[in-house]
Amino acid sequence: MTAPTTYGLSSEARNLHWLLTNLVEEVPGIQSVAVVSSDGLLLLSSDPGHTEEARQSRDAKRTGPRGSSADLATIVSGIGSLTVGAAKLLEFGGVKHTMVAMEEGSLFVMSISDGSLLGVHGSAECDMSVVAYHMALFVGRAGHVLTPELRSELRKNLEAESAGSDR
């Protein structure tokens with residue numbers, strides 16, 4: 001996890017960390033995960049170096065202030081905004097999820113609640129239907145607890161962890 005310690009966090013925040021950890025550990029092919037607020041701020045993320053495959057990819061091309069977590073949050077926020085705009089323009093209702101299949105990986109974006117998004121970067125070998133299923137489980141479990149207060153707590157914790165790692 002980006003925030004390896006959950007000491008001092010509320011039980012809801014600790015549960016959300018646990019759910020995210022399980023998503024990354026239980027689903028083959030997931031390289032990194034980001035939960036992004038409606039205004040595009042990273043709230044929670046997985047450790048991009050969690051798996052050997054992700055570690056090799058990260059070592060080959062590391063960019064961004066916090067590596068792929070910050071990059072993934074930026075991409076998820078942008079795709080979320082683009083698809084919401086497209087849905088409004090086309091008058092198709094709200095966006096539930098977006099999947100992008102690329103030659104060397106996949107990107108999944110799913111709405112959590114009131115504009116918050118779950119983004120997953122998967123390897124080329126991941127089973128897109130399995131990833132989407134587990135993302136839906138995460139969203140179902142996390143959506144009702146991701147309140148404005150919890151989002152604020154997660155953001156402050158992430159900022160504190162980031163400030164601590166800069167020293």
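In this predicted model, five strands form an open sheet in the order β2-β1-β6-β5-β4, and their pairing is antiparallel. The two edge positions belong to β2 (42-45) and β4 (97-102); each has a single partner strand, so one side of each is left without a neighbour in the sheet. Averaged over the sheet and with direction ignored, neighbouring strands are turned by 15 degrees against each other.

Two helices pack on this sheet. Helix α1, spanning residues 11-26, touches β1, β2 and β6, and its direction makes about 155 degrees with that of β1. Helix α4, spanning residues 128-142, touches β1, β4, β5 and β6, and its direction makes about 25 degrees with that of β5. Strand β6 therefore appears in both lists of contacts, for α1 and for α4. Strand β6 is a helpful place to begin a closer look, with its partners taken in turn. This strand covers residues 117-123 and is mostly covered, since six of its seven residues are buried. On one flank, β6 runs antiparallel to strand β1 (residues 30-36), and six bridges join the two. Within this pairing, S32 stands opposite H121 of β6.

On the β5 flank, seven bridges link β6 to strand β5 (residues 105-111), again in the antiparallel sense. Two facing pairs can be picked out here: V109 stands opposite G119, and S111 stands opposite L117. The strands β5 and β6 form a hairpin with five residues between them, and D114 takes a positive phi near 30 degrees in this hairpin. When following the side chains along these strands, it helps to recall that in a regular strand they alternate between the two faces of the sheet.

A final detail concerns helix α1, where N15 has its place. Is N15 buried or partly exposed? The relative accessible area of N15 is 47%, so this residue counts as partly exposed, a class that lies between the limits of 20% and 50%. N15 also has a distant partner in sequence to compare with: V145 lies 130 residues apart from N15 along the chain, while the C-alpha atoms of N15 and V145 are separated by 9.4 Å.

Notes:
Residues numbered from 1 in each chain as written. Predicted model: local features only at pLDDT ≥ 70, side-chain atom pairs only at ≥ 80, totals over all residues. Heavy atoms only, no water. Buried < 20%, exposed > 50% of the residue type's maximum accessible area, 1.4 Å probe, protein only. Helix = DSSP H or I, 4+ residues; strand = E, 2+ residues; numbered from the N terminus. Pairing = 2+ DSSP bridges. Axes fitted to C-alpha atoms, helices over the stretch in contact; angles between N-to-C directions. Contact = heavy atoms within 4.5 Å.
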